[in-house]
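Reader: I am new to this structure and would be grateful for a guided set of questions and answers. May we begin once it is shown?

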Amino acid sequence: MINVIGLGYIGLPTALMMASHGIPVVGTDYNSMHVEKLNEGIVTFQEKGLEELFNKAISSGIRFTTEYQVTDTYIVSVPTPYDKFSKKIDPAYVLAAVEEVLKVCLPGSVLIVESTVSPGTMDRYVRPLVKERGFEPGRDIHLVHAPERIIPGNMIYELIHNNRTIGADNQQIAEKVRTYYSSFCQGQIVTTDIRTAEMTKVVENTFRAVNIAFANELAKICRYDNLDVYEIIRICNMHPRVNILQPGPGVGGHCISVDPWFLVGDYPSLAKVIDESMKTNDGMPDFVLNRIHDIMKLHGMEDFSRIGLYGLTYKENVDDLRESPTLQLLESQERHLAKGLKVYDPMILEQVVPNQYFSLQDFLKDVDMVIVMVKHAEILENQELLKDKIILDCQNVIHLPGTYHL
Ligand code: SAJ
């Protein structure tokens with residue numbers, strides 16, 4: 001039986017996937033309300049295909065509890081926040097989970113950490129903790145790092161089809177862990193050592209962050225000279241070896257906006273391109289705020305009270321708010337002692353910020369200018385509703401005449 005610890009965005013789909021492929025699974029989470037909901041049959045976040053998978057896993061016998069289970073295999077997928085000042089990872093949740101596992105696990109257990117960790121975390125924090133508690137890694141407990149790669153919005157498909165990496169201290173354990181993942185994963189499963197596995201995960205997200213930063217920088221350069229960045233990217237991408245990503249109002253989510261900082265934190269004098277890229281991405285919400293200000297001046301608008309931000313989530317068609325550019329923009333606005341921007345997001349049904357609306361119609365009634373921060377399907381399908389508004393489209397998805405861009 002596998003005990004999956006942490007039933008969030010990664011742990012829950014992983015647990016459900018394994019359970020519905022014939023592996024006995026118990027899911028553990030310290031949040032009792034969360035566990036209660038799951039036990040009542042309610043999925044805790046929205047994701048394409050998740051509910052169906054949930055029902056399948058329930059009929060296969062998955063259970064949810066707040067208790068750690070006595071067993072021989074654990075998958076830890078708890079959050080790994082980072083310290084905004086030092087840029088270093090905070091492994092506290094991972095270490096707390098490992099401590100709890102050590103209290104109940106059977107001799108010779110396999111402890112798989114799926115949480116994204118900064119390179120070296122397993123050696124620097126997890127291994128010493130295990131030894132401190134009197135366990136010998138490689139004998140009493142086997143440590144593994146098996147980072148996930150699934151993208152919110154297409155998690156279920158990617159869980160099945162993406163290639164995966166398993167980092168272990170020896171091949172025998174790596175092969176054992178491979179059998180669990182290959183129960184559902186149709187991609188290639190590469191085995192390597194733990195430090196390499198840790199580094200690959202962070203490097204993958206850094207690659208994307210740096211490439212998004214390049215697109216964002218182009219947007220700034222093109223704005224300065226009044227050129228159409230989207231047309232330039234479109235033409236450049238016709239070159240067989242060029243593939244530029246899209247500029248946007250900022251980079252959110254718990255991965256691309258966080259993981260690259262681990263490299264900056266650990267290698268400050270070496271990770272220069274990464275450092276600048278992260279600063280470029282983090283500067284985008286302020287760049288949007290400046291654009292709003294410029295457009296307000298053009299239209300003689302003096303305060304923010306009839307300006308609305310469309311979209312609160314970190315990207316389209318998910319209900320995930322982590323590190324969202326809109327939240328960053330609102331924070332920045334507050335720091336400048338300006339307030340009043342109105343906000344609406346069809347995916348967010350609870351109030352998370354002031355001046356938040358819960359119906360597109362009500363929101364549009366109260367604003368003259370709309371900033372499209374997130375390209376949710378709703379706005380793509382209803383763009384004619386914006387036809388009398390001043391529009392700043394940060395996603396290049398609105399085709400109405402007079403629309404402003406980044
Ligand atoms: N974004 C842009 N321009 C682009 C693409 C994205 O501004 O051209 C923005 C998005 O709007 C969003 C942010 O970047 O705010 C990140 O979104 P994303 O969809 O690129 O990535 P995530 O964070 O949802 O998922 C990433 C994925 N990593 C990579 O693509 C390398 C996913 O595969 C990982 O599993 C996930 O991080 C993770 O958990 O690490």
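Reader: Which polar side-chain atom lies 2.5 Å from an oxygen atom of the ligand, that is, which residue carries it?
Author: This is a predicted model. Among the residues closest to the ligand are K201, N205, R208, Q246 and Y314. The side chain that places a polar atom 2.5 Å from a ligand oxygen belongs to Y314.

Reader: How many residues surround the ligand?
Author: Backbone atoms also approach the ligand: an N or O atom of the R149 backbone lies 2.8 Å from one of the ligand's oxygen atoms. A polar backbone atom of G252 is 3.0 Å from a ligand oxygen. The number of residues that surround the ligand is 19.

Reader: Are helices α8 and α11 roughly parallel or oblique to each other?
Author: Helix α8 covers residues 194–224 and helix α11 covers residues 272–282; their axes are 8 Å apart and the packing angle is about 55°. Angles under 35 degrees count as roughly parallel, and 65 to 115 as roughly perpendicular. The angle of about 55° falls in neither range, and the two helices are therefore oblique.

Reader: How many nonpolar, polar and charged residues does the contact of α8 with α11 have?
Author: On the α8 side, the contact includes T206, A209, E217 and K220. On the α11 side, V273, I274 and N281 are among the residues met. By class, the contact divides into 7 nonpolar, 5 polar and 2 charged residues.

Reader: Which residues of α9 does α8 meet?
Author: Helix α9 spans residues 229–236, and its axis is 9 Å from that of α8, at an angle of about 125°. The pair is therefore oblique. The contact of α8 with α9 has 6 nonpolar, no polar and no charged residues. From α8 come L218, A219 and C222, and they meet V229, I232 and I233.

Reader: Is the crossing of α1 and α3 left-handed or right-handed?
Author: Helix α1 (residues 11–19) and helix α3 (residues 50–59) have axes that come within 8 Å and cross at roughly 50°. The two helices are therefore oblique to each other. Their crossing is left-handed.

Reader: How many nonpolar residues does the contact of α1 with α3 have?
Author: Helix α1 contributes P13, L16, M17 and A19, while α3 contributes L50, L53, F54 and A57. No polar and no charged residues take part in this contact, and the count of nonpolar residues is 8.

Notes: Residues numbered from 1 in each chain as written. Predicted model: local features only at pLDDT ≥ 70, side-chain atom pairs only at ≥ 80, totals over all residues. Heavy atoms only, no water. Axes fitted to C-alpha atoms, helices over the stretch in contact; angles between N-to-C directions. Helix = DSSP H or I, 4+ residues; strand = E, 2+ residues; numbered from the N terminus. Parallel < 35°, antiparallel > 145°, perpendicular 65-115°, else oblique. Left-handed = near helix turned anticlockwise from the far one by under 90°. Contact = heavy atoms within 4.5 Å. Nonpolar A, V, L, I, M, F, W, Y, C, P; charged D, E, K, R; others polar. Near = heavy atom within 4 Å. Polar contact = N/O pair within 3.5 Å; in protein donor to acceptor, adjacent residues only side chain to side chain.
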